[in-house]
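Colleague: I am new to this structure and would like a close look at a single part of it. Please take me through the salt bridges with some care.

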Amino acid sequence: HLRHLNLSYTNVSGAGLDKLNLSLPKIVQLNLSCSNFTDPGLKSLLIVSGSQLKSLILDYTSITGEICINKKFNLSNLSIGRCRALTDKGLYNMLMLSGNQLKNLQLEETHITGLSLPQINLPLIQSLSLKICQDLTSRGLGNFINTTRSIKFLDLSGLKINLDELSGCDFHLPQLKVLDLSNCSLTSVAFCEILRIFGSTLKTLILSDTYRCEKTLSKMPKLLPNLTTLRIL
């Protein structure tokens, strides 16, 4: 039985798959990273996929995620990066389909706001990329952070949100080890808040091309007691 299906860099759209007698009971990984792939094709493949599916890669596709199937998987990896058509509703649907065993979630360069997530629980998530999600709001970021306590790697590089609004927020990521803030326009207030919220457990902080206040940097030894790596170039 087929365990890995890779359609990346093809011209497949998935249209008409529902008319074929497909069955993928042992499939473990679906890589559908092709720009023409759409919601109907995704729905058709997920319907015929078995419970062993662990990795779903949808980068660069044309999906919105707004599909409805009566099924839930136990994915460990979900990658929907650079899906410009992905909606908040679609993201919610995809997370509900994924189950609560998800460990890696990649959403870079999508147009999500994050406002559809208050009811989502991601108890095992370890790696979360929100890189260059330029429609993400501060409230949406808060919703992501509040879905879990297990994140070890968090990529917020290229965000344009007002991180000053995090001031006073009661976020807690006790396992966070790596934080990427590259290409973020941070005020000293926002930078201090981020270090206050996330700094105590960090081992690696990435600040490439990020505005940094010298007075704030002077406080870093106290705010980042476990830091071993600082990248600023």
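To begin with, does Arg-84 count as buried, partly exposed or exposed?

Modeller: Arg-84 counts as partly exposed, because its relative accessibility is 49%, and buried would require a value under 20% while exposed would require one over 50%. Please keep in mind that this is a predicted model, and that the part you ask about belongs to a protein chain with six helices and 10 strands.

The side chain of Arg-84 meets that of Glu-109 in a salt bridge, with 3.0 Å from N to O. This pair links distant parts of the chain, since Arg-84 lies in the loop between β4 and α2 whereas Glu-109 lies in the loop between β5 and β6, 25 residues apart. Glu-109, unlike a partly exposed residue, counts as buried, because its relative accessibility is 18% and the limit for buried is under 20%.

Glu-109 also meets the side chain of Arg-82 in a salt bridge, here with 3.4 Å from N to O. Again the pair joins distant parts of the chain, with Arg-82 in the loop between β4 and α2 and Glu-109 in the loop between β5 and β6, 27 residues apart. Arg-82 is partly exposed, with a relative accessible area of 25%.

Arg-82 has a further partner in Glu-108, and the side chains of these two meet in a salt bridge at 3.6 Å, N to O. Here too distant parts of the chain are linked, Arg-82 being in the loop between β4 (77-79) and α2 (88-98) and Glu-108 in the loop between β5 (104-106) and β6 (127-129), 26 residues apart. Glu-108 counts as buried, because its relative accessibility is 11%.

Taken together, the count comes to three salt bridges, and through shared partners such bridges join Arg-82, Arg-84, Glu-108 and Glu-109 into one network. As a general point, side chains of opposite charge can pair when their charged atoms come close.

For contrast, you may want to look at a place where charges of one sign gather: Lys-103, Lys-152, Lys-177 and Lys-203 form a patch of positive charge on the surface. One of them, Lys-152, sits in the loop between α3 (138-145) and β7 (153-155), and Lys-152 is partly exposed, with a relative accessible area of 35%.

Key: Residues numbered from 1 in each chain as written. Predicted model: local features only at pLDDT ≥ 70, side-chain atom pairs only at ≥ 80, totals over all residues. Heavy atoms only, no water. Patch = residues over 30% accessible without salt bridge, like charges linked within 9 Å, V, L, I, M, F, W, Y side chains within 5 Å. Areas by Shrake-Rupley, 256 points an atom, 1.4 Å probe, with all protein chains shown as cover. Salt bridge = Lys/Arg side-chain N within 4 Å of Asp/Glu carboxyl O. Lys, Arg positive; Asp, Glu negative; His and termini not counted. Charge placed at Lys NZ, Arg CZ, Asp CG, Glu CD. Helix = DSSP H or I, 4+ residues; strand = E, 2+ residues; numbered from the N terminus. Buried < 20%, exposed > 50% of the residue type's maximum accessible area, 1.4 Å probe, protein only.
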